[in-house]
Amino acid sequence: MNSVHGPGPTPPAHSSYGAPEDADDARDSKKAALKARRRASKAARRAAAGLSARAPRFGARNENRAAVFVKFLVETFGVERLRREGVCDVAGGRGEITCRLAHCHEVRCVLVEPREAVDLQATVLKRVAPRLPARYRRHLEEAGRSERIERLATVVESPFPPRDAALAALVAGCGIWVGLHADGATEAIVEEALRARKAFAVVPCCVFPRFFATRATEDGRPVRTTADLVSYLAAKDARTCTTTLAFEGKNRVVSCDASAVRVAAGPADVSSAVLANEPILIEDSAATWRATRSWTADGKLVVQNVQRDLGDCVAPVVAGDGARTTMRVREFLTTLHDEGTGYLKDFHLHCASPGWYAPPPGLDDDWLNRFCDREGRDDFRFLYLGGDGSRTPLHADVLSSHSWSANICGAKEWWLFPPSETSKLQDAAGVYVDDVRLGFYDAERFPRVADAACLRVTQPPRSTLFVPSDWRHMVVNVGATLSINHNWFEAGAIPNVWRYLDTEARATAAELEACRADVEGRGGELSEFLWLRERVLRASARLNVSDFVAMCRSEVCARDTLAPAGSAPEDERRVRDGVSLALRAVAADHAGSLFLDESGTWPRDEDAASWSRSARDRGTAALAEVLAALEPEVLL
């Protein structure tokens, strides 16, 4: 067992002056009345449950509540997940929950308890050992201590949440936060877990209405009872669940897996997730696709059917060591189940053989691929096919785009990190970790990976996962997995796309600055150099600034609304403002670098017409047109 100390709370001052006898009598009368009310309340509950006054007690006695709560944790989260992510036991007193998890289930635990001198070895011997099977109890009693407690349990002597950075890191390293009758820390567990995207389970007890006077239920009543507190905490997030545990007393548990990806109940949920830039899982969205009907049977890949339809197509394949090659799909399928086989990815299925699927509703306002289709360029619609364990390393999607991934067959394990966690995934030199699974990376080189807030999801067959802009993610296939993947973006992602493109444009300009003298030395114009920068930017980033303006003009000027269907007016305003601000930044910093031909596309031919004054005027006019459509009063 490890023990670390933090700054403890300042204890309140207590008076020790004696009280008059009549005050003692009044206090005793008050206690007696309170006990009578509790007995009456318990009798009423037993009667409501159909139990007679002499019936056996309901559930476990209070002294067994820790065992019941641990059983709930194991059944709710699964022992493998508890072991993998670790548990933070807040205000755990003697640490019985920590002891049961660490000693009986080999779960890594951090006990946060502001009181000093928590002896977990004494707790495991006095509270846990007597209830173990005889052979396990005998071994523990003979040893006099638990090796698992020493190895897996850490005591943090600090209030919650800890203010010390090192102690806070220990807590953040746990994926599941729990509190059984944690009193004043209960609401803090819930709020901090939701903020950090952690799973939690709390059993509220004391309410302290005088100290938390601002709490109110959904109907506006002050929170004065434990039932009110349960309702108040459950209302903090739509994903919370409440359950009654089998012990007497305060036995309602509020739990939530804030680290889990939300599952869409309908198209409105998908639209709201896109608008909020949050992941969402859409179940059975690929069930009726032609690809699913043709290439699977009973959920399994039908190899001969894929060979029949795609066997002669040539596709990119990434080997286990990262080397890239190409091969025919038929050839790749013969090695699909071999150990260490490669991963067929980025195959342009829509271009090679369209008609196999349709984007799920809510994920189909695809500015990027519509632009590619108009330009006759390679799109961002791909087929992926890999065997069990094939994976895509941690990355963010091209152009800061969204993506969606639909499993035709097989499953995928996803690790998703919001943009706020980006810095925790890097080493001191700014290099990103490749594999975020515990034991698959150098913890000394990447010390903050374990602290990063992460959403986990196992994506089942025939479902689609929406991955938002700028969310870094890693994927591992479970079984032979065939999926359709789109990189795409809509109006709400335009600020992120522009931020990425602007960064790339500035880096390109800095790298090519030495070429300016070469262009001017042979009598070339500045506009030729600016056009050259656009060509290099397009080759490296897949879009240049002129493409960005042309794409925005074609989308904005052809529609009345930009936000997802069903969005509120304020959301429409916010989305339009985001697009407008991005285009204003183009006008401020890149207006002289815009070139469009008469068809409204970037002129790719290397001749004077491509960087002529008229090409630049058309680029400036296109920018003015789209800004005017967004804000009619804006003129360049």
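**Figure 1. T186 sits in helix α9, and A185 lies just outside that helix.** In this predicted model, T186 has its place in helix α9, which covers residues 186-196. With 2% relative accessibility, T186 falls under the 20% cut-off and so counts as buried. Setting aside neighbours within four places in sequence, the contacts of T186 are V202, P204 and L233. A185 belongs to the loop between β5 (176-180) and α9. A185 also counts as buried, because its relative accessibility is 15%. If you want a long-range pair to look at, try A185 and R391: they are 206 residues apart in sequence, and their C-alpha atoms are 40 Å apart in space.

**Figure 2. The peptide bond between F160 and P161 is cis.** Here we're looking at the F160 to P161 link, where omega is about -5°. P161 is found in a loop, with β4 (153-157) on one side and α8 (165-172) on the other.

**Figure 3. F208 and D470 both have positive phi without being glycine.** Let's take F208 to begin with: its phi is near 50°. F208 lies in the loop that runs between β6 (199-203) and α10 (226-234). Its relative accessibility is 32%, so F208 counts as partly exposed. Now for D470, where phi is about 70°. The loop holding D470 lies between β20 (464-467) and β21 (472-488). At 23% relative accessibility, D470 is over the 20% limit for buried residues and therefore counts as partly exposed.

**Figure 4. Helix α11 has five named buried residues and is followed by N277.** Which residues of α11 (residues 267-276) are buried? They are V270, S271, A273, V274 and L275. The cover over these buried residues includes the strands β9 (262-263), β10 (280-282), β18 (402-417), β20 and β21, along with helix α20. Right after α11 comes N277, with a positive phi near 60°.

**Figure 5. Helices α20 and α21 cross at roughly 155°.** Helix α20 spans residues 569-589 and helix α21 spans residues 613-630; their axes come within 10 Å. Why call this pair roughly antiparallel? Their crossing angle is over the 145° cut-off, so α20 and α21 are roughly antiparallel to each other. The crossing of α20 past α21 is left-handed. On the α20 side, the contact is made by R573, R576, V579, S580, L583, R584, V586 and A587. Their partners in α21 are L623, V626, L627, A629 and L630. Sorted by class, that contact has nine nonpolar residues, one polar and three charged.

**Figure 6. Helix α19 packs against α21 at an angle of about 40°.** Helix α19 covers residues 545-556, and its axis is 9 Å from that of α21. How do α19 and α21 lie relative to each other? An angle of about 40° is outside the ranges for roughly parallel, perpendicular or antiparallel, so this pair is oblique. This crossing, too, is left-handed. From α19, the residues at the contact are V549, C552, R553 and V556. They meet G619, A622, L623, E625, V626, A629 and L630 in α21. The class split for this contact is eight nonpolar, one polar and two charged. Set beside the previous view, L623, V626, A629 and L630 of α21 turn up in the contact with α20 and also in the contact with α19.

**Figure 7. Two stretches have pLDDT under 50.** One of them is residues 8-19, where the model has five contacts beyond four places in sequence. The other is residues 54-60, with 18 contacts of that kind. Where pLDDT is low, the predicted coordinates shouldn't be read in detail. For the protein chain as a whole, the mean pLDDT is 89, and 92% of the residues reach 70 or more.

**Figure 8. The protein chain has 21 helices and 21 strands.** Stepping back from the close-ups, the C-alpha atoms fill a box of roughly 105 × 60 × 50 Å along the principal axes. Of the 636 residues in the chain, 48% are buried. Take the contacts between residues at least 6 apart in sequence: 71% of them join residues at least 24 apart.

Notes:
Residues are numbered from 1 along each chain as its sequence is written. This is a predicted model: local features need pLDDT of at least 70, side-chain atom pairs count only at pLDDT 80 or more; totals for chains, interfaces and linings use all residues. Side-chain values use heavy atoms; hydrogens and water are left out. pLDDT is the predictor's confidence in each residue, from 0 to 100. Contact means heavy atoms within 4.5 Å. Axes are lines fitted to C-alpha atoms, for helices over the stretch in contact, and angles run from 0 to 180 degrees between N-to-C directions. Helices (H or I, at least four residues) and strands (E, at least two) are DSSP runs, numbered from the N terminus. Angles under 35 degrees count as roughly parallel, over 145 as roughly antiparallel, 65 to 115 as roughly perpendicular and the rest as oblique. A crossing is left-handed if the near helix is turned anticlockwise from the far one by less than a right angle, and right-handed if clockwise. Ala, Val, Leu, Ile, Met, Phe, Trp, Tyr, Cys and Pro count as nonpolar, Asp, Glu, Lys and Arg as charged, and the others, Gly among them, as polar. Buried means under 20% relative accessible area, exposed over 50%, partly exposed in between (1.4 Å probe, protein chains only).
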